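Work through the exercises below with the sequence and the structure at hand. Each task is followed by a solution in steps.

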Amino acid sequence: MQRTGPRFLNLACLPAQVFMKAEAHPAFMHGPRLRRALTSVPPLPKDALEAAASVLASGHLFRYGEHAAEGTWVARLERAFAEHLGARFAVAVNSGGSAIHLAMRSLGLGQGDVVAMNAFTLAPVPGAVEHLGATVALVDIDEDLRCDLDDLKRCFVEQRPKAFLLSHMRGHVADMDAIVAMCTAHDVALIEDCAHTLGATYDGKPTGRFGIAGCFSLQTWKQINAGEGGILVTDDEDLAARAILASGAYMLHAQHGTPPSEDVVQRWAASTPNLSMRLNEVAAAVALPQLATLEERNARWRTIHDRFAAGLANLPDLRLPVTLPKVLPAPTSLQFVADLPAEVLQEKLDACAERGVPIKWFGRPTPLGFTSVHRHWGYVPTRPLPKGDAVLAGLCDVRLPGDLSDEDVDTIVAVVRLAFGH
Ligand SMILES: *Cc1c(COP(=O)(O)O)cnc(C)c1O
């Protein structure tokens with residue numbers, strides 16, 4: 001194992017360019033190096049494989065059927081999700097982006113409406129608003145990557161959005177007491193994007209339960225990996241009925257896991273087009289067993305994150321975003337903000353990559369692998385963000401596969417300290 005030793009201390013005194021050539025130079029072969037891929041995905045659990053195999057063998061890959069006596073996998077997943085989150089309804093769809101789109105659409109939002117959105121998020125979020133024909137009003141973020149409350153208030157007053165699409169991006173949950181109060185006071189519907197917070201809570205309450213709808217993703221890099229998929233949860237029967245119909249229920253809405261009553265569905269049936277955004281049986285069969293182990297996996301993820309964060313303490317140019325005391329996070333990645341000129345930061349990130357630790361950077365002039373920011377979304381009316389742009393310029397992002405060992409984490413820490421230490 002390559003651990004920090006005398007050689008590590010010597011290397012720390014050398015300029016970053018030296019590390020870029022480290023591989024080639026025998027003198028540096030013994031520095032820290034991560035021997036496993038951070039881009040890898042842990043294998044699916046055995047029960048998920050067996051469930052998927054049984055679906056494939058049956059041939060019933062579509063969520064609806066005329067055979068479904070005991071309910072399909074998708075319906076079971078909907079019931080399990082609703083129960084897990086304490087929601088009346090859960091509607092499974094084909095992606096997290098679809099869940100967000102359908103939540104807004106099922107509130108009656110569309111062309112000409114304004115939707116507020118915190119600027120730190122992933123591209124499917126502004127994409128879901130664009131898909132609606134509505135207009136994004138970007139809200140600034142603060143130095144801890146949370147929605148900036150002063151700018152949110154300004155946005156509510158000046159731009160009068162009908163909805164606030166709050167993205168708990170990378171698991172950084174904002175002050176939900178203040179946000180809920182502000183949405184109520186300004187009559188703005190709150191929709192939560194919980195793609196990174198399945199299992200996270202604020203003041204003991206799960207994220208996704210603070211507004212009219214919560215949206216989750218089952219995409220490979222989230223807490224539950226079904227390849228693709230999304231789930232919308234709500235207590236609102238009209239929103240649930242409209243989302244079910246729009247997702248493409250073919251009059252088979254009664255086969256959903258948590259369907260609203262028939263009269264509610266019929267209220268919307270004739271006026272709701274079929275947008276074909278259904279989840280399929282294989283994805284649900286893969287996802288459901290993972291929900292059962294969510295809490296233990298999240299606990300391990302927290303340990304990985306906190307061990308990593310502790311290891312980065314006292315590095316002069318790095319700052320870790322602060323988590324609010326009321327938040328129990330469910331981190332699947334770690335962010336730090338580097339206060340360094342772009343060229344210097346790029347060199348340090350190159351040095352980490354050379355040692356097996358690829359780190360993403362939101363400050364890149366051109367977006368790369370999941371790290372686009374608002375100025376890259378040409379379809380969104382954007383503007384310079386006084387606080388957020390400064391944070392995003394130095395924002396670094398490390399994915400944390402849930403099967404990292406403590407030793408892996410220590411190696412990652414050693415690599416980052418080697419590159420960023422003076
Ligand atoms: C992954 C993700 C989504 C949804 O993505 P899909 O690929 O559509 O499932 C939404 N918001 C954030 C912040 C995400 O990371």
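Relative accessible area sorts residues into three classes: buried means under 20%, exposed over 50%, and partly exposed in between (1.4 Å probe, protein chains only). The model is predicted, so local features need pLDDT of at least 70 and side-chain atom pairs count only at pLDDT 80 or more, while totals for chains, interfaces and linings use all residues. Residues are numbered from 1 along each chain as its sequence is written, and side-chain values use heavy atoms, with hydrogens and water left out.

**Exercise 1.** Classify the two residues of the salt bridge between R383 and D151, and place them in the chain.

Step 1. A salt bridge requires a side-chain nitrogen of Lys or Arg within 4 Å of a carboxyl oxygen of Asp or Glu. For R383 and D151 the N to O distance is 2.9 Å.

Step 2. R383 has a relative accessible area of 30% and is therefore partly exposed. D151, at 11%, counts as buried.

Step 3. Helices (H or I, at least four residues) and strands (E, at least two) are DSSP runs, numbered from the N terminus. R383 lies in the loop between β13 (360–361) and α14, and D151 in helix α7 (residues 149–159), 232 residues apart.

Step 4. D151 and R383 also belong to a salt-bridge network with R154 and E158.

**Exercise 2.** Do the same for the salt bridge of D406 with R300.

Step 1. The closest N and O atoms of D406 and R300 are 3.0 Å apart.

Step 2. D406 sits in helix α15 (residues 406–420) and R300 in helix α12, with their positions 106 residues apart.

Step 3. D406 is partly exposed because its relative accessible area is 32%; R300, at 26%, is also partly exposed.

**Exercise 3.** Describe how domain 1 and domain 2 meet.

Step 1. By an automatic or database domain assignment, domain 1 spans 11–43 + 293–421 and domain 2 spans 46–291. Contact (heavy atoms within 4.5 Å) involves 42 residues from domain 1 and 48 residues from domain 2.

Step 2. Buried area is the accessible area (1.4 Å probe) that two parts lose on being put together, summed over both. Here the value is about 3,700 Å², with 57% from carbon and sulfur atoms. L294, K326 and F370 supply 17% of the area that domain 1 buries against domain 2, more than any other three residues.

Step 3. Six salt bridges cross the interface of domain 1 and domain 2. K326 forms a salt bridge with D177, with the closest N and O atoms 2.5 Å apart.
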